[in-house]
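User: I've got a model open and want to check the labels people put on its parts. Can you go through the reasoning with me?

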Amino acid sequence: MTDYNRNIVQAPAATGARILIRGATILSMDADIGNLVRGDILIEGSMIKAVGENIEADDAAVIDATGMIAMPGMVDTHRHSWEGQLRRINPNAATLEDYCNATHFSFAKYYRPADMYVGNLLSALGCIDSGITTLVDNSHNSRTGAHSDAAIEALLDAGIRSVHASGAPVAGEWDKAHWPGNLERLQEKYFKNEHNKLVSLAVMAQLEPELWAEARRLGLPIITEFFGGAMAAELEGLHQQGLLGPDNIFNHCTSLPDSGWQILREAGVRVNVCPRSDAHYGIEDGMFAMQAAHRHGINPGLSVDNETSYSGDMFMEMRTAFYLQRVMGMHKQHAQHCCGAEPHLLTLPAHGLLKAATVDGAICAGLQDKIGSLVPGKQADLILINTLDINLYPPGNAFGTVVHAAERSNVDTVMIGGRIVKRDGKLLGLDNEQLRAAIDESREHLFRAAGYQPDLFAETFAPLASAQ
């Protein structure tokens, strides 16, 4: 028995019927299929069957997508989903220490399995609502096996495609006996089931070769919070020992020198960058690492990181990335620091940033064969954006509309693995009243346990007496 309600969301039933999305402007994010001013997408079960113009499918249920942009669902390659109920608790945080004071050193220590469930469920539903269909869940608060179970069950119940990276807590007491032995138990309990098509398992670990060895024994990807300025010196030794590879996923990668990037490229390490969090928390030089990654032939995914200070949507992540890279190009001093005496910065256009949020994100998550583009044979993970909405009409440029103007409210339809989970702008099967009650109960418990008095108008988050 669990102490949390798993009936907040009723997952839509699997459909064996065919669905035809008709008349959409299609951004396939695939070079061969290209873009269509007005096209159709045929879906059979969980798969994309065909993409093109005037597809005939008399027996298919038709979704009229006139005035909508159809595109792959977006991929958030790094988010600490367990913090969902702590949204915007620390909006003016200026350092990584500020973030840790409001999470690891305070509330995290008092999380019950029920709180893990609520945080993950809320984060996952927020992703779906904003057009993110795949989430890499960096779960660095796995205090007991029950905490890990709750986090995974929330992802399963939300119906989002996800990679759950189980990780040890940063502070407070926790059951060290379950780590890393819990990984094999989780694998057996949740990931040997052929009916689980959406969620997979990974390990969240720092530069810990012994833990990496256990992850590799189990065949699990390894996700690391990697800050290049502080950790670059360790790369050469790891590389010489053959310990870096394509199963490594590095978050952030700020301030990494060229020699470090060359190692990541040679080893095939996957990378994601964090436009907002790196700037918000002043991580190392405060600038996200997309330009440096591209200069070394690495196309990183984009990630939200957390919602404790800002919103959880990928639209804002793309916009922030667009403008920060413009700043880098115009600011000669930073350009020289980033790229040497003669900087050659390539500013990604809207199309390039949408690629980072879809195709490149899928590669970072290790799911490029399943998702990231609208291609026959891939999973039907896609979204429809309503360009008839007053804030988007008329859509002068499809990529510009998505990257520079669209928002959560414009996401009309979301499909994951052929199942429609959002339609007409509403999440399906969600009991909002039960969800809010669970969130409120969780927050009240965490605030009470930590001795925190909430203040809706506070300029700063005051560190708690219990913070260490």
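**Labels and the values behind them**

Analyst: Let's begin with a loop: Asp 305 lies in the stretch between β13 (301-302) and α11 (314-330). Keep in mind that this is a predicted model.

User: Why is Asp 305 called buried?

Analyst: Its relative accessible area is 5%, and buried means under 20%, so Asp 305 goes in the buried class.

User: What makes the phi of Asp 305 worth a look?

Analyst: Phi is about 80 degrees there, a positive value, and Asp 305 is not a glycine. Most residues other than glycine have a negative phi.

User: Where else does a residue other than glycine have a positive phi?

Analyst: At Arg 88, with phi near 55 degrees. Arg 88 sits in the loop between β6 (74-79) and α1 (96-101).

User: Is Arg 88 buried, exposed or partly exposed, and how do you know?

Analyst: Partly exposed: the relative accessibility of Arg 88 is 38%. Buried would need a value under 20% and exposed one over 50%, so 38% falls in between.

User: What makes the bond between Tyr 393 and Pro 394 a cis peptide, going by omega?

Analyst: Omega is about -5 degrees, and the peptide bond joining Tyr 393 to Pro 394 is cis. Most peptide bonds are trans. As for location, Pro 394 belongs to the loop between β14 (382-386) and α15 (398-405).

User: On to the helices. Why are α2 and α3 called roughly parallel?

Analyst: Helix α2 (residues 113-129) packs against helix α3 (residues 145-158) at about 30 degrees, with the axes 8 Å apart. Angles under 35 degrees count as roughly parallel, so α2 and α3 get that label. Their crossing is right-handed.

User: What kinds of residues make up the contact of α2 with α3?

Analyst: They split into 13 nonpolar, two polar and two charged. From α2 the contact includes Met 116, Leu 121 and Ile 128, and from α3 it includes Ala 150, Ala 154 and Leu 155.

User: And how do α13 and α15 cross?

Analyst: The axes of helix α13 (residues 350-357) and α15 come within 9 Å, at roughly 65 degrees. The crossing is left-handed.

User: Which residues of α13 and α15 meet?

Analyst: Ala 350, His 351 and Leu 354 on the α13 side meet Phe 399, Gly 400, Val 402, Val 403 and His 404 of α15. By class, that contact has five nonpolar residues, three polar and no charged. Gly 400 goes with the polar group, because Gly is counted there.

Technical notes. Residues are numbered from 1 along each chain as its sequence is written. This is a predicted model: local features need pLDDT of at least 70, side-chain atom pairs count only at pLDDT 80 or more; totals for chains, interfaces and linings use all residues. Side-chain values use heavy atoms; hydrogens and water are left out. Axes are lines fitted to C-alpha atoms, for helices over the stretch in contact, and angles run from 0 to 180 degrees between N-to-C directions. Helices (H or I, at least four residues) and strands (E, at least two) are DSSP runs, numbered from the N terminus. Angles under 35 degrees count as roughly parallel, over 145 as roughly antiparallel, 65 to 115 as roughly perpendicular and the rest as oblique. A crossing is left-handed if the near helix is turned anticlockwise from the far one by less than a right angle, and right-handed if clockwise. Contact means heavy atoms within 4.5 Å. Buried means under 20% relative accessible area, exposed over 50%, partly exposed in between (1.4 Å probe, protein chains only).
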